[in-house]
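Here is a short briefing for a reader meeting this structure for the first time. It covers one sheet and the helices around it.

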Amino acid sequence: MTEKALRLGTRRSKLAMAQSGQVADAVSQVTGRPVELVEITTYGDTSREHLAQIGGTGVFVAALREALLRGEVDFAVHSLKDLPTAQHEGLVVAAIPVREDPRDVVVARDARKLTDLPRGARVGTGAPRRMAQLNAYARTHGMEIETVPIRGNVDTRIGYVRSGELDAVVLAAAGLNRVGRIDEVTDFLSVDTVLPAPGQGALAIECPADNAELVAALAELDDPFTRAAVTAERSLLAALEAGCSAPVGALADLLADGQTVKEMRLRGVVGTTDGSTLVQLSTTGPVPQTHEEAMALGRDMATEMLAQGAAGLMGERAH
């Protein structure tokens, strides 16, 4: 008799289906069981409102978590940057696989890079975090751009450029990689220009905490370095969100000497959406060995950023 298929809960978007499909194959290999995708419609997928107005990141996650808790699916895959920072009662993130490219990218008309955009270029993004950093970059480099809030899937967003409505859009490299459209990118933004969202490029595989067998099987897909990095980033985010309402960018990367990982560098930025004020900080130290150490790294840096003026920054909700 063949083993019963594991049910993987996923959002219906092309991107979610692509990343869930990749995880399904990996889970099937470690468990030896078939995995079937169960499509779940979330409020974030059906609502036309801007994300900031419908409660930010959690809107895509809630329906998947409800399906997990009701036992309709066995596990779920989330983009880590969509996952609220608070731990959910009864559920556990059993695996955070190796992270994709965390960078933001530009898809612009005429194959232009950010620095080649025409004066007054209209640049679309749904993220106040990107707006803050792009506007700050433009200010310090004598560029004039107008950031335009947009939503929608990859096709919709790139469509604004193709139709000429916008000069460029800024998207996550990881998403374009996963849907096989990375060749449409005209510029990869250095993380020195735009720090990504905390957890960007990483996936979280979540399942009920009481299913010990599944938790153990999924744990084989966990990458301890990625987990340490995103834990520090998300700890920074949680502490900054508690102290200021401005959008946050963060990235922890591992500094290797040949094959040996020596240290972890954590960088954070928080700024006003118009880019007029940014508070940026970077810290380098030993790679955290425990969850607590990674959490402390993020918290300590947030404390320092709040002391340096982040507490006074009011962010706008995207409108």
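**A sheet and its helices**

Three strands form an open sheet in the order 11-12-13, with antiparallel pairing. The edge strands are strand 11 (248-257) and strand 13 (278-286), and each pairs on one side only. From one strand to the next, the twist averages 15°. The model is predicted.

**Strand pairing**

- Strand 11 pairs with strand 12 (residues 260-271) in the antiparallel sense, over 10 bridges.
- V248 has V270 of strand 12 as its bridge partner.

**Helices on the sheet**

- Helix 4 (residues 128-140) packs on the sheet and touches strand 11, strand 12 and strand 13.
- The direction of helix 4 makes about 75° with that of strand 11.
- Helix 9 (residues 291-307) lies across strand 12 and strand 13.
- Helix 9 runs at about 35° to strand 12.

**Helix 8 against helix 9**

- Helix 8 (residues 224-243) packs with helix 9 at an angle of about 40°, and their axes are 7 Å apart.
- Angles from 35 to 65 degrees fall outside the roughly parallel and roughly perpendicular ranges, so helix 8 is oblique to helix 9.
- The two helices, helix 8 and helix 9, cross in the right-handed sense.
- On the helix 8 side, the contact includes A228, T231, A232 and S235, as well as L236, A239, L240 and G243.
- On the helix 9 side, the residues met include H291, A294, M295, L297 and G298, along with R299, M301, A302, M305 and L306.
- The residues of this contact between helix 8 and helix 9 divide into 12 nonpolar, 5 polar and 1 charged.

Conventions:
Residues numbered from 1 in each chain as written. Predicted model: local features only at pLDDT ≥ 70, side-chain atom pairs only at ≥ 80, totals over all residues. Heavy atoms only, no water. Pairing = 2+ DSSP bridges. Helix = DSSP H or I, 4+ residues; strand = E, 2+ residues; numbered from the N terminus. Axes fitted to C-alpha atoms, helices over the stretch in contact; angles between N-to-C directions. Contact = heavy atoms within 4.5 Å. Parallel < 35°, antiparallel > 145°, perpendicular 65-115°, else oblique. Left-handed = near helix turned anticlockwise from the far one by under 90°. Nonpolar A, V, L, I, M, F, W, Y, C, P; charged D, E, K, R; others polar.
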